[in-house]
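Hi there,

Here is the structure I promised to pass on to you. Have a look at it first, and then read on for my notes.

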Amino acid sequence: MTGPSVGLVVNPVAGLGGRVGLKGSDGAEIQRRARALGARPEAVRRASLTLRHLPGVELITAAGPMGADAAAAAARPARVVHRPAGPDTTAADTRAAVRAVVAAGARLLLFCGGDGTARDVLDALGPEPRLPVLGIPAGVKMHSAVFAVHPRAAAEVASAWVTGRGVRLEPAEVVDRDEAALREGRVSARLYGRLTVPVLPERVQQRKTGSTGPDPAAPAGLAAEVAERVGPGGLLVLGPGSTTHAVATALGAPDASLTGVDLLRLLPDRTARVLLRDVRADQLRALPAAPWIALSPIGGQGFLLGRGNQQLTPELLRAAGRERLLVLATEAKLAALAGRPLLLDTGDPALDDALSGHVRVITGRRSGAVYRLSA
């Protein structure tokens, strides 16, 4: 017997700019640049990962890469109720597909994309939508509280909602950042509204919270630990964020990016020099040796991998190994997570499972904490 009707709308270009360091995928020009740099769409594949773990529902979707392709990849039958106007889909196509899927009787809407896609869903549903909605994360920016932590988690939440097991419905904020400002190193976010989201503990992400910046004394201690671990001449990939930027500044490299992934070399005097700003995945792939990787979790959310640092591919992470992964966070930042784990969404479920467990977090000079890392 077919279960409740679940809608699926995929933004095929979501996340296109992630691997190539463009910090977003909104707009035709950015999408053109991403493809010219060798970017490949990931949204259909990520949506299919969710569908493979979501049995027992009637699936209502849009044609081609907006949903039907993901259903076919997961060997799932689907009822197609909308066809996009052309091969290059737009925000208008997303909004039209959402309205068509809802009109066809979907009782839960899954959408695959990022914060920009969440805004389109909100626009399509109106200012006070009651229909439960859940995002399958596929964008570069995913700061809204409407996304599952990864595609498999989206299936877990949707399955629990279908069977009525332990799910509560909550209003969740849709926020988005100005991509043009982000590419210039400025962070500008806005609240657009709220969607109703089915929630399971640790399966739906929190909204990203702003940073007040690390304790003025903390970056020097973190930087000293990083310099000692990496050693003179070592290559260091530094992830985005205020904590890592403060560490770069303490290492004598204030020109490091605030919002991108950079490649640095450690010098004999334990300072560092930026070799590449806003590095792309293909540039990291071409390195002669596996680098060290230093990351700090996103404030409030706890994401370590898979949000804003998609340049760190599963292949690079495997080559570097767990022993070359340096996790940086002040004690205050860890305390703000209130026991929630650091999160992984590398795009490779097997790697996420392999990295899960407990990790040593560097909290200062000669100080650290053991903290849970989870897919």
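Below is what I found, going from the whole chain down to single residues.

Please keep in mind that this is a predicted model.

**The chain as a whole**

The protein chain holds 13 helices and 16 strands. Its C-alpha atoms fill a box of roughly 65 × 45 × 35 Å along the principal axes. For 375 residues, a compact globule would have a radius of gyration near 21 Å, and the 20 Å of this chain agrees with that. Of the 375 residues, 58% are buried. Among contacts with a separation of 6 or more, 69% are between residues 24 or more positions apart. The chain exposes about 15000 Å², and 52% of that comes from carbon and sulfur atoms.

**The nine-stranded sheet**

In what order do the strands of the open sheet run? The order is 10-9-8-11-13-15-16-14-12, nine strands with mixed pairing. Strand 10 (272-276) and strand 12 (303-305) are at the edges, and each has a single partner strand, so one side of each has no neighbour in the sheet. From one strand to the next, the twist averages 35°.

As a reminder, the strands of a sheet pair through backbone hydrogen bonds, in either a parallel or an antiparallel way. At the strand 12 edge, the partner is strand 14 (residues 342-344); the two run parallel and are joined by two bridges. If you want a residue pair to look at there, L305 stands opposite L344 of strand 14.

**Helices lying across the sheet**

Helix 8 (residues 218-230) lies across five strands: strand 8 (235-238), strand 9 (262-266), strand 11 (292-295), strand 13 (325-328) and strand 15 (357-364). Helix 8 runs at about 120° to strand 15. Helix 9 (residues 242-250) lies across strand 8, strand 11 and strand 13, and runs at about 105° to strand 13.

Helix 8 is worth a longer look. With 13 residues, helix 8 reaches 18 Å from its first C-alpha to its last, close to the 18 Å expected at 1.5 Å a residue. Which residues of helix 8 are buried? They are A218, P219, G221, L222, A223, E225, V226, A227 and V230. In an α-helix there are 3.6 residues a turn, so residues three or four places apart point the same way. The cover over the buried residues of helix 8 includes strand 8, strand 9, strand 11, strand 13 and strand 15, and helix 9 as well. Just after helix 8 comes G231, with a positive phi of about 85°.

**Two positive phi values outside glycine**

You may want to check these two backbone angles yourself. R270, in the loop between strand 9 and strand 10, has a phi near 65°, a positive value in a residue other than glycine. R270 is partly exposed, at a relative accessible area of 45%. A338 has a phi near 55°, also positive in a residue other than glycine, and is found in the loop between helix 12 (331-336) and strand 14. Is A338 buried or exposed? Its relative accessibility is 64%, so A338 counts as exposed, the cut-off being over 50%.

**Around G15, helix 2 and S159**

G15 is in the loop between strand 1 (5-10) and helix 1 (28-36). G15 is buried, with a relative accessible area of 19%, where the cut-off is under 20%. Beyond its neighbours within four places in sequence, G15 is in contact with S25, A138, G139 and V140. G15 and A43 are 28 residues apart in sequence, and their C-alpha atoms are 7.1 Å apart in space.

A43 is one of the buried residues of helix 2, together with R46, A47, S48, L49, T50 and L51. Helix 2 (residues 43-52) is mostly covered, with seven of its 10 residues buried.

Last comes S159, which is found in helix 6 (residues 151-163). S159 is buried, with a relative accessible area of 16%. Not counting residues up to four places away in sequence, S159 touches H53, L54, P55 and R165.

Happy to talk it through whenever suits you.

Best wishes

Conventions. Residues numbered from 1 in each chain as written. Predicted model: local features only at pLDDT ≥ 70, side-chain atom pairs only at ≥ 80, totals over all residues. Heavy atoms only, no water. Pairing = 2+ DSSP bridges. Helix = DSSP H or I, 4+ residues; strand = E, 2+ residues; numbered from the N terminus. Axes fitted to C-alpha atoms, helices over the stretch in contact; angles between N-to-C directions. Contact = heavy atoms within 4.5 Å. Rg over C-alpha atoms; globule rule 2.2 N^0.38 Å. Buried < 20%, exposed > 50% of the residue type's maximum accessible area, 1.4 Å probe, protein only. Areas by Shrake-Rupley, 256 points an atom, 1.4 Å probe, with all protein chains shown as cover. Expected span 1.5 Å × (residues − 1).
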